[in-house]
Amino acid sequence: MKSSLYIPLFLSVILSCSSSSSEGNNGVTPLPTNPVIPVKQLTDTEALDQVQKDAIKYFWDYADSNSKLARERYHTEDPNFESNIITTGGSGFGLMTIVVGVERGFLPRAEAVSRLTTALNFLEKADRFHGAWPHWMDNKAGKVIPFGTKDNGGDLVETSFVCQALITIREYFKNGSTTEKELAAKADELWKGVEWDWYTKGEEALYWHWSPNYGWEMNFKLEGYNECLITYIMAASSPTHPISAAAYHKAWARNGAIINAGTQYGVPVVLNYNGATGSVGPMFWSHYSYLGLDPNNLKDKYADYGVLTQNHAKIMVQHSITNPKGWKDYSDKCWGLTASYTRNSDSTTGYTAHQPNNDTGVISPTAALSSFPFAPTEAMKFLHYLYDENKTKYVGIAGPYDAFSPQYNWVTPRYLAIDQGTIAPMIENYRSGLLWKLFMNAPETKQGLINLGFHSSKYGF
């Protein structure tokens, strides 16, 4: 882990993944040395359908059987590894993924409603800390599983990912059958129960963690720019426990210091990416907040968020084309750096936040696939690179594996919910704008954005 890069979100994941690397074959599948059998070339539409169907499997075929929420990870070489751990944020992405599956006709609507109801009932009974769920919980009763010694309470960022999904579910099902209306009401009740104002610690800022044992000892203030934009928007949108606009401007935007005039490959970076000043961070920073938040034509006094997210992807593509380290296969069809499993120097499997200034020669498929709204041409090239040229190597039981490296002839046959969970939603936003429309047209979302000083010509505010 880069000490200069803000990623406390991943600290325990890193430790867990590193410790698991001694299991079995270290999470590494040697690539076949025999010639790859060509597969049928897919049309663009066929490829989009297929990758969405495949990614949905993680949250349908491989969901936790009791809670119907998402397992933190799935190792094909050891399916029972950490099978009791439910991930909060990854489950939020999974809930949105299921909505996509219903809309596309890939999942049966009635069964999806039943599963979503089970999932929300589980969340209702699970541990909550001033309304916020923990990062991890057990799959039996939703009891907190510490993500670190002092991280055994509420995780506001992970909770915001769930709330983004809850609003989306409410909006999608609110005019449906009686059962669907009940599901929508449950989603509404759950999201309104989060005490966002508690997590200000009495200051004009949001804090990531609170523990019943350690209080505010983790002391992690949410300051931009990273994946936490949605946390401030959810907190400002709350009709029950809202925060002040001052918290957004003073803490998140650092009193204006969030703006950065740097460029990479001649492309403006727009905002100051934490730990990567003048450059860009891992690609997921343009995914997690934007499953529901539509950046197109969305502006405040700090950024045009359509430009911000598109430039992030453009820089990432150009990095692979320029390929400063000379990694094998890097190009405009093999690109994408983000936080994921990685290849350690000793060939075992670890975890890191890949980005231009932390490029280890490992490609994470979710980086490009979840960037379809921002770089559609290059994302489509990558999709065909996976499914037409390398499907037998890089695609498994629930879609593209989490990470691979042509340079080292390496692939890890594993999945992480937070990576798999952004693929179908972001592709759907590219195809139809479904989740964006649902979330952005919710009255609380609009009011929260207005309160923070945002404007959107697309959504009329």
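Before the close-ups, one bit of vocabulary: helices (H or I, at least four residues) and strands (E, at least two) are runs assigned by DSSP and numbered from the N terminus. This is a predicted model, where local features need pLDDT of at least 70, side-chain atom pairs count only at pLDDT 80 or more, and totals for chains, interfaces and linings use all residues. Residues are numbered from 1 along each chain as its sequence is written, and side-chain values use heavy atoms, with hydrogens and water left out.

**View 1. A three-stranded sheet with a helix lying across it.**
Helix 3 (residues 88-104) lies across strand 3 and strand 4, at about 60° to strand 3. Axes here are lines fitted to C-alpha atoms, for helices over the stretch in contact, and angles run from 0 to 180 degrees between N-to-C directions; contact means heavy atoms within 4.5 Å. The sheet is open, has three strands in the order 3-4-5, and uses antiparallel pairing. Strand 3 (85-87) and strand 5 (144-145) sit at the edges with a single partner strand each, so one side of each has no neighbour in the sheet. Two strands count as paired if DSSP finds at least two bridges between them. Strand 3 and strand 4 (residues 136-138) are joined by three bridges, and Thr87 stands opposite Trp136 in strand 4.

**View 2. A hairpin with a well-covered strand.**
Strand 11 (residues 339-343) pairs with strand 12 in the antiparallel sense over five bridges. Look for Arg343, which stands opposite Thr349 in strand 12. The two strands, 11 and 12, make a hairpin with five residues between them, and Ser347 in the turn has a positive phi of about 80°. How many of the residues of strand 12 (residues 349-353) are buried? Five of the five are, so strand 12 is largely enclosed by the rest of the structure. (Buried means under 20% relative accessible area, exposed over 50%, and partly exposed in between, using a 1.4 Å probe and protein chains only.) Thr349, Tyr351 and Ala353 are on one side of strand 12, with Gly350 and Thr352 on the other, and both faces are covered. As a rule, side chains in a regular strand alternate between the two faces of the sheet.

**View 3. Inside the largest nonpolar core.**
A nonpolar core is a set of buried Ala, Val, Leu, Ile, Met, Phe, Trp, Tyr and Cys residues joined through side-chain atoms within 4.5 Å. The largest one here has 148 residues, and Tyr232, Leu293 and Tyr305 have the most contacts inside it. Helix 5 (residues 156-173) gives this core its largest share, 11 residues. Zoom in on Tyr232 and you'll find that it touches several residues further off in sequence than four places, including Leu206, Ile243, Trp252 and Leu452.

**View 4. Cysteines without a bond.**
How many disulfides does the structure hold? Zero, where a disulfide is a pair of cysteine sulfur atoms within 2.5 Å. Cys163 is in no disulfide, and the nearest cysteine sulfur, that of Cys228, is 14 Å away. Cys163 is buried, at 0% relative accessibility, and Cys334 is buried too, with a relative accessible area of 0%.

**View 5. Helix 14 and what surrounds it.**
Seven of the nine residues of helix 14 (residues 423-431) are buried, so this helix is largely enclosed by the rest of the structure. Among the buried ones are Ile423, Met426, Ile427 and Glu428. The buried residues of helix 14 pack against helix 2 (44-60), helix 3, helix 10 (365-369), helix 13 (417-420) and helix 15 (434-440). Gly433 follows helix 14 and has a positive phi, near 70°.

**View 6. Two asparagines in helices.**
Is Asn311 buried or exposed? Asn311, in helix 9 (residues 305-322), is buried, with a relative accessible area of 7%. Leaving out residues up to four places away in sequence, Asn311 touches Val267, Pro268 and Val270. Asn121 is in helix 4 (residues 109-125) and counts as partly exposed, at 29% relative accessibility.

**View 7. Backbone oddities in the loops.**
The peptide bond from Gly224 to Tyr225 is cis, with omega near 15°, and Tyr225 lies in the loop between strand 7 (209-210) and helix 7 (229-237). Asn219 lies in the loop between strand 7 and helix 7; its phi is positive, about 55°, although Asn219 is not a glycine. Lys68, in the loop between helix 2 and strand 2 (73-75), has a positive phi of about 65° and is not a glycine either.
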